[in-house]
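Visitor: Please give me a close look at a single part of this molecule, and then place that part in its wider setting.

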Amino acid sequence: RDRWHDAPMTATAVARELAGMLSRTAPHVGDPEVGWAPLLALAADHQLLPGIWSALRRQGITALPPALATGGSPLAIVEARHRENARRIAGLRAQLEQVLDALDAAGIAAIALKGGHWLLADLLTDPAARVMVDVDVLVPSALAGEARATLEDLGYRSGPVPDDQEPTDHQLDPLFLPGAAGSVELHVEPMVESRRSLLDASAVRAAARPVDVDRATRWLPDPTTAMVLLIGHAQLQEDGARLLRLPLRALHDLHSLGPGFRDLVDWDSVEARFWQHGSGGRVALAGFASAADAYFGISLPTTGRGGAIWLRAVEAALDHPDAATRYRDAAYLPLALRADRMRRLHGVDHGAGLWAARTRHVASGARRRLRHRDPPIVGHDVESPHVTKP
């Protein structure tokens, strides 16, 4: 209570303290050198503020009296975020059920992915501990237009597209229901084109299983597919492994799913998928396994090497943000200038036009970087942390 405005510690120390708070069920004494301000700032960055309140409740903390619940204390902040997120999650689940009912009535085979899958299968002890900004539904690519029209018949509409949002090849534009929280994203593939050798729609459909949910049958990914998607999304699709980003949110998801779910995963199959994706896939999986062990005490049965080295590099990046920014700019450049990406963004993927598009893209990115630099990991304004999708 008396360490609210302390000078920030290293980001690694803050991250380990946050993971310790999230993962323990017994009262957590914690690191006395880590203050609340950097802890909540990091939690806000990784969409984990509701998870803190959920963990504190497991440790015996009860709801604050009304006179304190509206204050600016750390406990008031995390309780408020949890309460707000609980309403959001309830609304998103209701939307997901309505959408799946409508798609089923239209004869469109749909599969709920990621958070929507976990909600429908009741895999989370406290659904409100996990922030969700949308629900993801996989539909056949040949029926994507019909699926979109089905949702529009329910009242869903396209929202404004931010200027810096790039077109994607694996999903349609998000659809919003006026007056409702979040959005629905119709996927035709689970991963972007460059990551599709890890997991594609045909593999998801082949392994999907029917599950009875509230007197309706839903098709959901099997645990192995869900784990490939969880790790692959954090480490490869979002380039967390290459850009040396600690996947705290995905690690918390792994912890929240529990040992019972992890025991159902065919880890040999998971490893085979990441290994067939090449050296980047092997490092991504090994690094995730090392981080799961170091931060949440979860031992994953994988045999890949290099994870400990990757984790040390990640923690060095955490503690030296300026150097990390320079590294990420250099590491991301080849990814940013891929021919398939230039085709999506600028309509050209070969010849002189490709190089001209790359030159324009680099110049545009430099101008954006000058206008808006990435915020530091610690020291945010935690009085009003916001929820954004990574």
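Guide: A residue is called buried here when its relative accessible area is under 20%. With that cut-off, helix α10, residues 248-263 of this predicted model, may be described through its buried positions. These are Leu248, Ala250, Leu251, His252, Asp253, Leu254, Leu257, Gly258, Phe261 and Arg262. As background, residues three or four places apart in an α-helix point the same way, because there are 3.6 residues a turn.

The length of α10 agrees with expectation, because its 16 residues at 1.5 Å a residue should span 22 Å and its end C-alpha atoms are 21 Å apart. The helix nevertheless contains a kink of about 80° at Leu257, shortly before the proline Pro259. Leu257 is itself one of the buried residues of α10, as is Gly258.

Two of the buried residues of α10 lead to a contact with another helix. Ala292, found in helix α12 (residues 279-296), touches Leu251 and Leu254, together with Gly297, Ile298 and Leu300, when neighbours within four places in sequence are set aside. The C-alpha atoms of Ala292 and Leu254 are 8.2 Å apart in space, although the two residues are 38 residues apart in sequence. Ala292 counts as buried because its relative accessibility is 0%. Both sides of the contact are thus buried, since Leu251 and Leu254 are in the buried set of α10 and Ala292 has 0% relative accessibility.

On the N-terminal side of α10, the loop that follows α9 (223-237) contains Leu244. Most residues other than glycine have a negative phi. Leu244 is not a glycine, yet its phi is positive, at about 55°. Leu244 also counts as buried, because its relative accessibility is 16%.

Helix α9 itself contains His233, which counts as buried because its relative accessibility is 16%. Apart from residues up to four places away in sequence, His233 touches Lys114, Met191, Val228 and Glu238. With Lys114 there is also a polar contact: the two side chains are joined at 3.4 Å. Lys114 belongs to helix α6 (residues 114-120), and this lysine is buried because its relative accessible area is 18%. Lys114 likewise has a positive phi, of about 50°, although it is not a glycine.

Moving back along the chain from α9, one comes to the hairpin of β6 and β7. Strand β6 (residues 209-213) pairs with β7 in the antiparallel sense over five bridges, and Val213 stands opposite Ala216 of β7. Two residues lie between the strands of this hairpin, where Asp214 takes a positive phi near 50°. In a regular strand the side chains alternate between the two faces of the sheet. Strand β7 (residues 216-220) follows this alternation: Ala216, Arg218 and Leu220 point to one face and are buried, whereas Thr217 and Trp219 point to the other and are not.

Two further helices add to the picture. In α5 (residues 74-105), the expected and modelled lengths agree, because 32 residues at 1.5 Å a residue should span 46 Å and the end C-alpha atoms are 47 Å apart. Gly107, just after α5, takes a positive phi of about 80°. Helix α1 (residues 11-23) contains Thr12, which counts as buried because its relative accessibility is 10%. Thr12 touches Tyr295, Glu315, Leu318 and Asp319, leaving out residues up to four places away in sequence. Its C-alpha lies 8.2 Å from that of Ala316, a residue 304 positions away in sequence.

For the whole protein, the model has 16 helices and seven strands, and buried residues make up 50% of its 390 residues. Among contacts with a separation of 6 or more, 71% join residues 24 or more positions apart. The average pLDDT is 87, and 87% of the residues score at least 70. The pLDDT is below 50 over residues 1-8, a stretch with 17 contacts in the model beyond near neighbours in sequence. It is also below 50 over residues 374-390, where the corresponding number of contacts is 40.

Conventions. Residues are numbered from 1 along each chain as its sequence is written. Side-chain values use heavy atoms; hydrogens and water are left out. Buried means under 20% relative accessible area, exposed over 50%, partly exposed in between (1.4 Å probe, protein chains only). Helices (H or I, at least four residues) and strands (E, at least two) are DSSP runs, numbered from the N terminus. Two strands pair if DSSP finds at least two bridges between them. The expected span of a helix is 1.5 Å times one less than its number of residues. The bend at a residue is the angle between axes fitted to the seven residues ending there and the seven starting there. pLDDT is the predictor's confidence in each residue, from 0 to 100. Contact means heavy atoms within 4.5 Å. A polar contact is a pair of N or O atoms within 3.5 Å; within protein, one must be able to donate a hydrogen and the other to accept it, and residues adjacent in sequence count only if both atoms are side-chain atoms.
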